[in-house]
Amino acid sequence: MQYGHFDNERREYVIDRVDVPVSWTNYLGVEDLCAVVNHTAGGYLFYKSPEYHRITRFRPNGAPMDRPGHYVYLRDDDTGEFWSLSWQPCGGDLADYKCRHGLSYSVYECARGGVDASQTLFIPRGENVELWDVKLANRTNTKRNLSLYSYAEFSFHQIPIDNQNFQMSLYCAGSDYEDGIIDYDLFYEHAHQYIAASFTPDGFDCLRDTFLGPYRTETNPLAVERGECFGSFEKGSNHCAVLQKKLTLAPGESARLVWMLGEGDRDEGRRVRSKYSDFAAVDAAFADLAAFWNEKLCKLQVRTPNADMDTMLNTWTLYQSEVNVMFSRFASFIEVGGRTGLGYRDTAQDAMTIPHSNPGGCKKRIMQLLQGLTAKGYGLHLFDPAWFEPKKAAPPYKSPTVIPTRSRDDIVHGIEDACADDALWLIAAITEYVKETGEFSLLDETVGYADGGEGTVWEHMTKILDFSAAQVGAHGICKGLRADWNDCLNLGGGESAMVSFLHHWALGQFVELARFMGREREAGYYGAMRTEVGKVCDRELWDGGWYLRGVTADGRKIGTQADTEGKVHMESNTWAVLSGAAPYDKGVAAMDAVNDYLYTEYGLMLNAPSYTVPDDAIGFVTRVYPGVKENGSIFSHPNPWAWCAEAMLGRGGRAMKFYDSLCPARQNDKIEIRQSEPYSYCQFIMGRDHTAFGRARHPFMTGSGGWSYFAATRYILGLRPQYDGLLVDPCIPGDWSGFEAVRVWRGATYRITVQNPDGVEKGVRSVTVNGRPCERGLVPVMPQGSENTVTVVMG
């Protein structure tokens, strides 16, 4: 069943039927102010931190679903009938409503009662205000007397204060109305928000309970029902943002109104109102946002025989990857701001995947991660970059609520809480950034360690590699420590095959960089280390048909042919190949096992068969329901590792089979099964061992986006920047005649045509740039601003 369609020309997903099974979300804002909204305008707004500076309130996992939001009510003052411009909260005939999610904006359309209306939500760049751009048109042949009301519920900012301790929070905020602007004040923070409008309001309400009325909800507000606001305000209580406007539309007449919900006091509201009461400024801000995204998207555009791949890569997968780099993991309808900071492994992988479209954002994340590295070489698993920023002056008062502050000793956890994989991902994030930008000077920049002292970026990298080399178990395999990538499968702190393969991969990335930089001593030392790691992996981890997942602390091998549960694991087998550690024949056998045991029509399961018997020596994964999350679900994040592995083995048909099975766009007509949005990768899909097999959950904020983009563009399409050139080395299905791509790299544009006259899956016969053959098949770095034609013939 389809609920909507992709509009590739406008880069929108259009939800034609708005009663989708679960929330389909979008992200507004690209700087400090961000809103997470769904297909019915439900959601919340925050400034910098979703945990400590929440602006509008949201009730997660509640019923009715996803309330409150950023709503506009429309009332026919002649009949008393009213409705909302988004389908919720008032409901109504589904045929009257539509939603369009675009890049950092969402549009809610309503054609009801003879009035066409739309509400566009977006946040202009350079401003800390969310604009509600509302347009109306009278499609009847009679005059219409109408009233419109904005509605959002203000938050008490901090999530703990917003959800508990009401003896304090209900008396810590106040509101008032003056000069057409509502000012919302949290006195203990000296913080303000406001709502203003492009019109002179005909009414207002600041108090939620007054506007809604007793025993009512956002569905039937008393003020809207009676057609007049109460003019409520107060110091204390719960607050809302309601500005009412009455207007009359003649037959065929249109109107436009803009509400402005922002961070700042009334004076800031006046400044913003003055600016955006000019609708040309609103249009210019919207156009600027489109240009911002176009600049990112134009860095790589493709045209392949796979239309769904084009849709995802040209717009939606890059968009999802960018959102993750911008806002990390903790702002969504799943992670609803209950934590602040950066997950080490997640952030490193996000930064690795899109340096071409967001070099500034990726470098910022890399520098923050370097600061979160200890001098011993392990990363702080979850940390707040603010810990390492210059301390701000303390306020001249003390809060009546005692909140203990953490010392540096408390912030820096010991090895017992370190995740063995965390810092290894940073090696590739750095090397990919340098390959993309050519910024080799980064390697010699000095950065502090989390536990004191400082070193160059290069020194940070060697400490990461040395730490993993030292942390090995009885078999010479890297210890899993608290956990590796799979937090729930920690083997009791035993030995992790995945970490050893990841170490082998990181060593390869570093040695390649060292050799290019002429640092032969380090290249030789870490090259020898890599060789030894490869030998140990081959000796200890090969089980005859595939690779083990690891060894428990009490010495049991996991992921063996003898196992009845957890027999084959995706992480170890894909990384054996992706890391370059597996010999070709063993790599083929391992990936055949992945295909035979883990493949489903919705993607690859993380492990199979699922665990059903609790075994704490293996880990918490054995206590997770079969087919859910880490226990036999289709965990999306590692699926692209299999695409990369198959591409490295030269099996383009298999790589594309795996890509297609997970691709959200290919499930657009299976929403009754998938449920979640078909424009973003979800964290996981219920596996074969669950009754809801195929149901997707937890969209957007997942490493699936970045890795899907990275794997598809770098390995299947084979567009891989090197330190001294651009490599084009595709691995595609044999029935592809070729594909085209436009890639901007280091300021030059490369228009690439790949031809596949012999129907091969891997192999390049010739590469030319501007008609000239390329040495080593490597496209050289061309002058900035140049336009270059690249022809690649496979064979």
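**Exercise 1.** In this predicted model, determine where Pro-201 is placed and whether Pro-201 is buried or exposed.

*Solution.* Step 1: Locate the residue. Pro-201 lies in the loop that joins strand S17 (191–197) to strand S18 (203–207).

Step 2: Consider its accessibility. The relative accessible area of Pro-201 is 12%. A residue is called buried when this value is under 20%; therefore Pro-201 is buried.

Step 3: List its contacts. Leaving aside residues up to four places away in sequence, Pro-201 touches Tyr-177, Gly-180, Leu-243 and Gln-244.

Step 4: Consider a separation in space. Pro-201 and Leu-148 are 53 residues apart along the chain, and their C-alpha atoms are separated by 9.9 Å.

**Exercise 2.** Describe the annotated domain that covers residues 11–278.

*Solution.* Step 1: Consult the record. An unreviewed UniProt entry annotates residues 11–278 as "domain: Glycosyl hydrolase 94 supersandwich".

Step 2: Examine the span in the model. Residues 11–278 are 11% helix and 45% strand, and the C-alpha atoms at the two ends lie 27 Å apart.

**Exercise 3.** State how many residues of helix H17 are buried, and describe how helix H15 and H17 pack.

*Solution.* Step 1: Count the buried residues. Helix H17 comprises residues 639–648, and nine of its 10 residues are buried. Among them are Trp-641, Trp-643 and Glu-646.

Step 2: Look beyond the helix. Gly-650 follows H17 and has a positive phi, near 85°.

Step 3: Describe the packing. Helix H15 (residues 570–578) packs with H17 at an angle of about 35°, and their axes are 8 Å apart. The crossing of these two helices is left-handed.

Step 4: Identify the residues that make the contact. H15 contributes Met-570, Glu-571, Thr-574, Trp-575, Val-577 and Leu-578, while H17 contributes Asn-639, Trp-641, Ala-642, Cys-644, Ala-645 and Met-648.

Step 5: Classify them. The contact of H15 with H17 involves nine nonpolar residues, two polar and one charged.

**Exercise 4.** Explain why Ser-704 counts as buried, and identify which backbone oxygen its side chain reaches.

*Solution.* Step 1: Locate the residue. Ser-704 is in helix H20, which comprises residues 704–716.

Step 2: Apply the criterion. Ser-704 counts as buried because its relative accessibility is 0%.

Step 3: Find the polar partner. The side chain of Ser-704 reaches the backbone oxygen of Cys-682 at 3.5 Å.

Step 4: List the contacts. Not counting residues up to four places away in sequence, Ser-704 touches Ser-636, His-637, Tyr-681, Cys-682 and Gln-683. Cys-682 thus appears both in this list and as the partner in Step 3.

Methods
Residues numbered from 1 in each chain as written. Predicted model: local features only at pLDDT ≥ 70, side-chain atom pairs only at ≥ 80, totals over all residues. Heavy atoms only, no water. Helix = DSSP H or I, 4+ residues; strand = E, 2+ residues; numbered from the N terminus. Buried < 20%, exposed > 50% of the residue type's maximum accessible area, 1.4 Å probe, protein only. Polar contact = N/O pair within 3.5 Å; in protein donor to acceptor, adjacent residues only side chain to side chain. Contact = heavy atoms within 4.5 Å. UniProt positions renumbered as here; feature names shortened; annotations may be inferred. Axes fitted to C-alpha atoms, helices over the stretch in contact; angles between N-to-C directions. Left-handed = near helix turned anticlockwise from the far one by under 90°. Nonpolar A, V, L, I, M, F, W, Y, C, P; charged D, E, K, R; others polar.
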